[in-house]
Protein chains: 4
Amino acid sequence: MCGVFGAWSPSGRKVLEDVYLGLYALQHRGQESAGVAWINREGGISSRKGMGLVHLALDQATLAAEQTSCAIGHVRYSTAGGSEISNAQPLTASTSRASLAVAHNGNITNALGIKLLLQNRGAIFHSGTDTEVILHLMAHQPHKEPIDALIDSLVRLRGAWSLAMLVGQNLVAARDPWGFRPLVIGKRDDVYYVSSETCALNLVGASVVREVAPGEVVTFGPDGMDCLPLPVEVKRHFACSFEYVYFARPDSVIDGRSVYQVRKTLGKKLALRSPCPEADLVTGMPDSGTIASLGYAEESAAPYEQTVVRNRYVGRTFIEPTRRVRELGVRIKLNPITEVLTGRKVVVVDDSIVRGTTCQRMISMIRDCGASQVHVRISSPPVRFPCYYGIDTPSRGELAAARMNLTQLGTEVGADSLAYLTEEDLVESIGLPRECICTACFSGNYMEGGEENEPEL
Amino acid sequence: MCGVFGAWSPSGRKVLEDVYLGLYALQHRGQESAGVAWINREGGISSRKGMGLVHLALDQATLAAEQTSCAIGHVRYSTAGGSEISNAQPLTASTSRASLAVAHNGNITNALGIKLLLQNRGAIFHSGTDTEVILHLMAHQPHKEPIDALIDSLVRLRGAWSLAMLVGQNLVAARDPWGFRPLVIGKRDDVYYVSSETCALNLVGASVVREVAPGEVVTFGPDGMDCLPLPVEVKRHFACSFEYVYFARPDSVIDGRSVYQVRKTLGKKLALRSPCPEADLVTGMPDSGTIASLGYAEESAAPYEQTVVRNRYVGRTFIEPTRRVRELGVRIKLNPITEVLTGRKVVVVDDSIVRGTTCQRMISMIRDCGASQVHVRISSPPVRFPCYYGIDTPSRGELAAARMNLTQLGTEVGADSLAYLTEEDLVESIGLPRECICTACFSGNYMEGGEENEPEL
Amino acid sequence: MCGVFGAWSPSGRKVLEDVYLGLYALQHRGQESAGVAWINREGGISSRKGMGLVHLALDQATLAAEQTSCAIGHVRYSTAGGSEISNAQPLTASTSRASLAVAHNGNITNALGIKLLLQNRGAIFHSGTDTEVILHLMAHQPHKEPIDALIDSLVRLRGAWSLAMLVGQNLVAARDPWGFRPLVIGKRDDVYYVSSETCALNLVGASVVREVAPGEVVTFGPDGMDCLPLPVEVKRHFACSFEYVYFARPDSVIDGRSVYQVRKTLGKKLALRSPCPEADLVTGMPDSGTIASLGYAEESAAPYEQTVVRNRYVGRTFIEPTRRVRELGVRIKLNPITEVLTGRKVVVVDDSIVRGTTCQRMISMIRDCGASQVHVRISSPPVRFPCYYGIDTPSRGELAAARMNLTQLGTEVGADSLAYLTEEDLVESIGLPRECICTACFSGNYMEGGEENEPEL
Amino acid sequence: MCGVFGAWSPSGRKVLEDVYLGLYALQHRGQESAGVAWINREGGISSRKGMGLVHLALDQATLAAEQTSCAIGHVRYSTAGGSEISNAQPLTASTSRASLAVAHNGNITNALGIKLLLQNRGAIFHSGTDTEVILHLMAHQPHKEPIDALIDSLVRLRGAWSLAMLVGQNLVAARDPWGFRPLVIGKRDDVYYVSSETCALNLVGASVVREVAPGEVVTFGPDGMDCLPLPVEVKRHFACSFEYVYFARPDSVIDGRSVYQVRKTLGKKLALRSPCPEADLVTGMPDSGTIASLGYAEESAAPYEQTVVRNRYVGRTFIEPTRRVRELGVRIKLNPITEVLTGRKVVVVDDSIVRGTTCQRMISMIRDCGASQVHVRISSPPVRFPCYYGIDTPSRGELAAARMNLTQLGTEVGADSLAYLTEEDLVESIGLPRECICTACFSGNYMEGGEENEPEL
């Protein structure tokens, strides 16, 4: 779970502030660190990185003043490799042929093996990220043209990698042949952008050109824009369904499908598949279940109500976990509206249940406000398998739906009833061919047929 | 627009962290500065204040460790007197009889005259606030018991003042005889709380005891809890209607009325009074119009849709107003969902129109997304008069509804149609007797009958 | 122990950066806090204050840009009233007649009585300083012209007060009738300055005009420069001898006497009065004894040697007092040069012995390096009485020379011999008439004849 | 110009605070950045680095608490490679065989060639330092034992390198075969230390064991202490004479010679070689000329006087270079004592003249105070050649003594006379055999006979 963004202007316009703004729009994809890299006046690469949210990690005014027309940026979520500044991206390197910078969304599943191989050839790794293997693979082909070295490096990678890179004087966008994570090209006047999601293109005022195709490398530079296919054959695509269900911003469009519309459809299908007769009201788990709950309410007879108020000034980390705060629990962030809940039969819609603890606390809070019944409806199938392609899910043992059956889970979270959407409904709601969608976290159907192949890194 | 909070434990429990948490729940009432004051181990008063949001202005861990069982806090909005730390509250003073601290929500309309009088007697004012006159009035009665000096000071004040104070060893809550701003008492185990709103009582796990009555002074201290009436006769009350319309948090309850329910009712009455036939969807201005729009949608045939996504990481101040940012405008904070809006006839509900600029920008953005018609519905009467009782409204000349008639205003903001709620509907929705509600900002009916009496300060 | 500085330009030149630089030159007079106040564009008074050294407490660039031609500043040493920002000076106040700011060096000995009187008239004190009584005395005479109110206030004060003030549109310099602390006027082009010491005038490139006379009030403002005598008769003056011995910077000139030359003379007289035959070398206690030790060496046969190296990057507070640091002791700051000390008979000169602990540690360190004998010579008489006029000396019980006789003290600090200068030699070295010099800390001869009169505050 | 420090305890004592304190004592060798690295509980290497002085760059309390018995540290001066945190040392790396950290004082003259070679084998360099080649040379020998790989790497280096390293579980000290920069071993109880200078050993309470010999590698680790000679033959040694003249702290002892005593001897020899008859006083350029001036005064008839006061609170960077500050010039830091200088014939002693500007400004300031004559004496030969071995001298074109002859230079700096010490006197004062001392910056006699061989990097 990360976000990447890049910008390039053939006419020399300053683009670094747009990269900052793009990251700001992609903030939901990662809050651990943020960074940018750009081609500086001397033709080399400069970078700035910091921990935390974009506006804390980077100084907008400084970046806005920077004279560069080719830049990339990254927001990082994953705690893999530890929450250290040395793992913040973009990673940069100077090789004898070119300066490099890379921003990566996804997870390279064979990175560990490659790393050991390179270390035995003298490579010194400076981060704990899987991403760094790309730089070393390129550096170990010093006699090739940098773009050729890049392509020869990428073909060796398995797993998920949507990349925004600086290679010499070029901006490069690349996407793995399986198409796990989204990556889209935008344009505004003469400036080209690449972004993990369309919402960031909207923010900078750019219109969508097209998606980067799975297995495609697109370069933007002194010789203009160029599209190169990776020489890799794949049997099918694996577009991540969880982006639609939860991860992407609702105002984004992925593969031509509005995330907002998909989520409302998920809610409607859920109401048809698992109705809740005589419910007094439908509400969403804040904020992840809101849109699906609007769809559920629209399809059912019961009205939608906002039943919980989120303190909109809440940050992620600033409330100290003192004894008193733990005692007060979830109310620190969320306050239920008692007057709406007392004596009512309530349907609560959420996108998914991972560990189950959040759901349990919410239901308990709603009951404390006097709700007579609480029925839980989930707008996706049960998450029973870990994701190896870039979503930060826990191991199987911690996944609530892997540990128990539906009835047990309903009891565990304290619901009067609990129902999930089917995988068929999910695929239909997204609207892409079934063989193009990755549902591994629901079905266990990984890239090459088995979970046992994956946990190499 | 400010928030006050206080806590007192007769058995010596530490309460300062609860005051911190209370302020955090009242953050929507003021983001300019935050402060706390408490009775320290020596029996004197200590205080901490800072600029900005509660978690930036104050250090939770330090306060949590403080051994005090009597404390108050304040969040400040108003820019009156300038955005300086010297204007942050609580204000404190040492007099020969007692240490004092005061946190004030409201606006004392005769403060300027009192200040001049006191200065001619040698008083040195240290802040630009109206609140400071309370401390000097008390200090100038050095031979009275502090609580008596307080009461003799309060009877000289006109306007709005809901106070949480420390007077010697006592916590004191006081409310002006007209009852402009809310002030409520709560309790949890043996700890008493006073708060501007019930949402803060909810956060600290306290239940509501009752409201502080208009013209009442409640003391909590070594002699227990005591209730003293101010010797002032008033003809009627002036409970602020704008608290219900916009200012209070929706999960608060004021005078027994759920703010959420009032807002939904406003939306329903608006739908009945000013329907919009054949609308495709109803949406709310984010976030001020959301609840009323749910009511409007429920009453009308059209479904509610969320049409704009707010970047939930957006802070109040951190995006630098660079040229590029001004160029991108409102999209920095809000992103419309094009797929929902294109070709649709849209009803947009908001709570009020003040200057009109925000409304205009939103409508323009919605039209840019391809909406075929945009109809604006406002869930309160037109704001045509400034508030002198603590809401930060601009002067008449800047109030859009005071400068032009409904048709002109509709054109100005770019609406296909524009409709307001009536004052009758507003009063009915709140559900209090008409003679208890202040509607001065809508009607110009100020406390003693005329706008010309007010602008003394 | 504080320092004051002020500047005024009749032609409107910016002077606030010069006040910053003046404070920087006076930094040795106080490191606890620093502050400035100036007449702003609106004719009122603005101020900035902070804790710690001048460059940490204040922002030079901001002050340099400020458009003001009348300003004062203060560095504070004393811990009286507690080390809090509310005690940092200049103190400011708005009265009905004028805005005021005051920076004070010295100690008002009857401040406590005045404070109680004023509190009984309704005054609210905001600091723990003796200085604040000046502002309240002025505010309580609201019907007088501000300068008249100032003079009527100053005549009521006893003790030591060298002041730089802003009164309305005027810079004011004032000095108590006894002349305890220095205060000098300087000029550069058309800009007038007032300063605690001449070293600060040197820094800003100003030449010395003259001292402010004891009991004189000098005003600089729209009507030019004016000199007013205070209507107070005094029997004699009390110029502080300790300024020459230790406190003032050696490059300053007080009452026409070079502090450097006085200190060298002290050392020479000490060598004549208490020689140390056959000493191998003379050295000074770093850094307080350096200059007197040069005088001692010059008068005796033995050469001066630098025997201890001070770590010149040492700050005042940054070495954490961990167990390890306490174990290493004085070497953290000072490193002796073993090669110079081994087997030598050493004379160590210092300005004074207060508690005796520093002296003891230094002698012990010198012995550890192999010195065969250590003879201590002090370039002033024994400090046996506390100072009530602004020098931060401990109580009698903590003064080493008050607790024991010379022989005992020599044994206590570990010296082979210990000798002091006489009061006669001190007075002669300074070169002022005996009846003009305060030697209270040596002799106990306080202003009006007795220690018992003083400790009111 | 850098400083290195290391510590190792076989019995598991915590040593990281001692490394902090050691760096603090070596602060004069570098103020640009500071860093430490240590073997952590998992057997890997952790590090902390920061810009600026030691106490700003590192947190003492955190380091004091760290459970490690093997650690190194570095203070950095050089601006080579740019003033960036990525150039701060110790540099660290994880290779397949061992974790590494290196702190380096000196300059590797053939680093550029090695770097290009390594880059062509795929190495990615992360800093702009010459030091990093050591890590890559080791990483490119992955099949050797780490200590063997280190030795095989070091023999390839030319120039100056005194190193403190962590290699696996060992502390390693190493010094180039020519012995350019000092490196000394100390011991306290069971803890061994390595340090650039003895003054840091003094601070931590350690006694000196011996110097690391030129061409020696000393390891401290699980197998105890071991000394390995590098298999390199050299014709002679090149101990830096400038360490004695200026760079080292006066309380240090290098190769058995007290730096303080050497500097006093330089001053005495200078007085014999270039006397100044009938001078009224001798003074030193603050602070670099002080000790030599004491020697000069002792040998001549004239007394030593302190003529200039340095503001002891002055930092390196905090005075903003505003117009006003530039106007005031050198007085911002240094204030002359007019009373001592007026009408006197003055001898000013300094250690060297590099660009000549400082000397010129000081002489001008002394003349402005009324000195009748100013005679300049330099306690080393003219600096006419750049240093390639770690002292930050400018290029020949900027060296004042390389651009003009003695008469011209005297005129340029404004001296009535100017005299230097001879190379013979310098060598004699140090007291080492001539063929062991590097005087390249005075004579141009570089390591292998010619300036033209050196500027490779």
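**Chains C and D**

I started by laying chain D on chain C in this predicted model. The fit comes out at an RMSD of 0.1 Å, with a turn of 180 degrees and a shift of 0.0 Å along the axis. The two copies are thus related as by a two-fold rotation axis.

Next I asked which surface the copies meet through. Of the interface residues of chain D, 100% are also interface residues in chain C, so the copies meet through the same surface.

**Domains of chain A**

Then I moved on to chain A and looked up its domain assignment. I found domain 1 at 3-234 and domain 2 at 262-432. For the contact, I noted nine residues from domain 1 of chain A and seven residues from domain 2 of chain A. Taken over C-alpha atoms, the centres of these two domains of chain A are 35 Å apart.

**What lies between them**

How much area do domain 1 and domain 2 of chain A bury between them? I get about 640 Å², with 59% of it on carbon and sulfur atoms.

I also looked for salt bridges between domain 1 and domain 2 of chain A, and the count is zero. Polar contacts do turn up: two residue pairs between these domains of chain A, both at pLDDT 80 or more.

**The domain 1 side**

Last, I checked which strands feed the side of domain 1 of chain A that touches domain 2 of chain A. Strand 6 (99-108) and strand 7 (159-167) of chain A each supply at least two residues of that side. By type, I sorted the residues of this side of domain 1 of chain A into three nonpolar, five polar and one charged.

Terms used: Residues are numbered from 1 along each chain as its sequence is written. Chains are lettered from A and ligands numbered from 1 in the order in which they are written. This is a predicted model: local features need pLDDT of at least 70, side-chain atom pairs count only at pLDDT 80 or more; totals for chains, interfaces and linings use all residues. Side-chain values use heavy atoms; hydrogens and water are left out. Domain bounds come from an automatic or database domain assignment. Contact means heavy atoms within 4.5 Å. Buried area is the accessible area (1.4 Å probe) that two parts lose on being put together, summed over both. A salt bridge is a side-chain nitrogen of Lys or Arg within 4 Å of a carboxyl oxygen of Asp or Glu. A polar contact is a pair of N or O atoms within 3.5 Å; within protein, one must be able to donate a hydrogen and the other to accept it, and residues adjacent in sequence count only if both atoms are side-chain atoms. Helices (H or I, at least four residues) and strands (E, at least two) are DSSP runs, numbered from the N terminus. Ala, Val, Leu, Ile, Met, Phe, Trp, Tyr, Cys and Pro count as nonpolar, Asp, Glu, Lys and Arg as charged, and the others, Gly among them, as polar. Copies are superposed by least squares on the C-alpha atoms of residues with pLDDT of at least 70 in both.
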